Amino acid sequence: MTEHAARRVVAGLSCAEWHPGAAATVLALHGLTGTSQVWAALAGAVPCYRVVAPDLPGRGSSLHTSAGAGLAGHAAAVVALADDLGLSDVTLVGHSMGAFLAPLVAAGLGERVRKVVLADGGVPPDPSPLLSRPVVRAIFTVQGLLLRRRWRSAEAFMAVAEGKAVRGRPELRPVVREWVAYLLDGNGRARLDRRRLVADAVDSLTGAATLPAVRDMSVPVHLLAASHGAHDGAAAFLSDAALERAAASLPRLTSERIEANHVTLLTDPRLAAAVRSDPA
């Protein structure tokens with residue numbers, strides 16, 4: 001079992017918080033179909049950090065929270081949360097969509113950011129017909145329709161959605177089950193705004209690059225790229241060539257390849273190590 005978080009609403013966003021008395025702060029941003037609960041494992045691995053993780057608009061307990069369009073709208077909502085909490089000396093961590101969002105939040109927070117950690121996202125992947133705007137919209141529209149069904153249990157949801165990612169890691173199934181149990185409402189439906197899901201996917205995967213938002217900042221930016229995609233049999237979301245292009249556009253970007261998939265990276269000890277490491 002992962003460590004339980006205290007939950008409250010801050011600046012209109014439902015927010016999970018671990019270790020509120022700690023001096024240093026992690027502000028953690030989840031992915032397209034995630035919620036704040038996906039950060040429980042990281043929080044347990046960094047007990048000396050206050051970990052603050054919002055449910056982004058259209059997800060979890062922020063399902064009905066309104067925000068501006070796209071990643072820019074999410075960024076404004078997160079910056080407002082950080083303002084209300086008076087956060088400073090922030091290590092900003094983002095996974096998947098949250099990694100594309102993190103540079104925009106960092107730019108909004110300015111000198112309050114200590115460093116940025118990107119987990120399998122935040123830099124443009126290799127060009128592909130599958131990443132054209134119409135195709136991304138179609139893929140995530142279908143995914144949204146699949147997720148709208150009523151699930152009889154968290155296990156049933158996992159069998160279709162996240163289960164393949166942890167098929168070879170039975171010790172992680174209870175962790176993912178907790179993620180899913182939080183995502184589902186009392187009627188077994190995923191607390192996801194399907195329209196927001198599709199729009200956010202299109203913006204993250206086909207919109208303007210967000211990494212340039214931190215180009216004029218001096219904070220370290222570190223990227224952990226998973227060796228596999230949605231499961232251990234899938235190709236990496238970010239290729240070595242994509243990492244090289246990103247480093248060329250932001251020379252202070254550092255990166256490492258992690259033997260994990262897009263989902264299991266969230267529980268990998270090297271993610272916690274990247275949070276704990278001192279900025280160069």
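In this predicted model, Thr91 touches Thr25, Val26, Leu27, Tyr49, Arg114, Lys115, Val117 and Val275, when residues up to four places away in sequence are not counted. Thr91 is found in strand β5, and its relative accessible area of 1% lies under the 20% limit, so the residue is buried. A further relation in space links this position to a distant part of the chain, since the C-alpha atoms of Thr91 and Ala274, which are 183 residues apart along the chain, are separated by 10.0 Å.

The strand that carries Thr91 is itself mostly covered, with 6 of the 6 residues of β5 (residues 90-95) buried. In a regular strand the side chains alternate between the two faces of the sheet. Both faces of β5 are covered, for Val90, Leu92 and Gly94 on one side are buried, as are Thr91, Val93 and His95 on the other.

Strand β5 has partners on the two sides named in the strand order β1-β2-β4-β3-β5-β6-β7-β8, which describes an open sheet of 8 strands with mixed pairing. The edge strands of this sheet are β1 (6-10) and β8 (253-258), each of which pairs on one side only. Neighbouring strands are turned by 20° against each other on average, direction ignored. Strands of a sheet pair through backbone hydrogen bonds, either parallel or antiparallel. With strand β3 (residues 24-29), β5 pairs in the parallel sense over 5 bridges; within this pairing, Thr25 stands opposite Val90, and Val26 has Thr91 as its bridge partner in β5. With strand β6 (residues 113-119), β5 again pairs in the parallel sense, here over 6 bridges, and Lys115 in β6 is the residue that stands opposite Thr91. Between β5 and β6 the chain passes through helix α3 (residues 97-109), and the resulting β-α-β crossover is right-handed. Towards the β8 edge of the strand order, helix α8 (residues 240-249) lies across β7 (221-226) and β8, and runs at about 165° to β8.

Two helix pairs that share α7 were also examined. Helix α4 (residues 133-147) and helix α7 (residues 194-206) pack at an angle of about 150°, their axes being 9 Å apart; α4 and α7 are therefore roughly antiparallel to each other, as angles over 145 degrees count as such. The crossing in which α4 passes α7 is right-handed. On the α4 side the contact is made by Arg133, Val136, Arg137, Phe140, Thr141, Gly144 and Leu145, and on the α7 side by Arg194, Leu197, Val198, Ala201, Val202, Leu205 and Thr206. Helix α2 (residues 70-85), by contrast, packs with α7 at an angle of about 105°, with the axes 8 Å apart, and α2 and α7 are therefore roughly perpendicular to each other. In this second pair, Gly70, Leu71 and His74 of α2 meet Arg196, Asp200, Asp203 and Ser204 of α7.

Three further buried positions were considered, one in a strand and two in loops. Ser14 is found in strand β2 (residues 13-18) and, at 7% relative accessibility, counts as buried. Apart from neighbours within four places in sequence, Ser14 is in contact with Arg8, Val9, Ala53, Pro54, Asp55, Ser61, Ser62 and Tyr182. Tyr182 is also among the residues touched by Gln37, together with Thr2, Arg7, Glu178 and Trp179, again without counting residues up to four places away in sequence. Gln37 is placed in the loop between β3 and α1 (40-45), where it counts as buried at 11% relative accessibility. Although Gln37 and Trp179 are 142 residues apart in sequence, their C-alpha atoms are 5.5 Å apart in space. The remaining position, Asp268, has its place in the loop between β8 and α9 (269-276) and is buried, with a relative accessible area of 10%. Leaving aside neighbours within four places in sequence, the contacts of Asp268 are with Ile258, Glu259 and Ala260.

How values were computed. Residues are numbered from 1 along each chain as its sequence is written. This is a predicted model: local features need pLDDT of at least 70, side-chain atom pairs count only at pLDDT 80 or more; totals for chains, interfaces and linings use all residues. Side-chain values use heavy atoms; hydrogens and water are left out. Buried means under 20% relative accessible area, exposed over 50%, partly exposed in between (1.4 Å probe, protein chains only). Helices (H or I, at least four residues) and strands (E, at least two) are DSSP runs, numbered from the N terminus. Two strands pair if DSSP finds at least two bridges between them. A crossover is right-handed if, with the strands pointing away from the viewer, the path from the first strand over the helix to the second runs clockwise. Axes are lines fitted to C-alpha atoms, for helices over the stretch in contact, and angles run from 0 to 180 degrees between N-to-C directions. Angles under 35 degrees count as roughly parallel, over 145 as roughly antiparallel, 65 to 115 as roughly perpendicular and the rest as oblique. A crossing is left-handed if the near helix is turned anticlockwise from the far one by less than a right angle, and right-handed if clockwise. Contact means heavy atoms within 4.5 Å.
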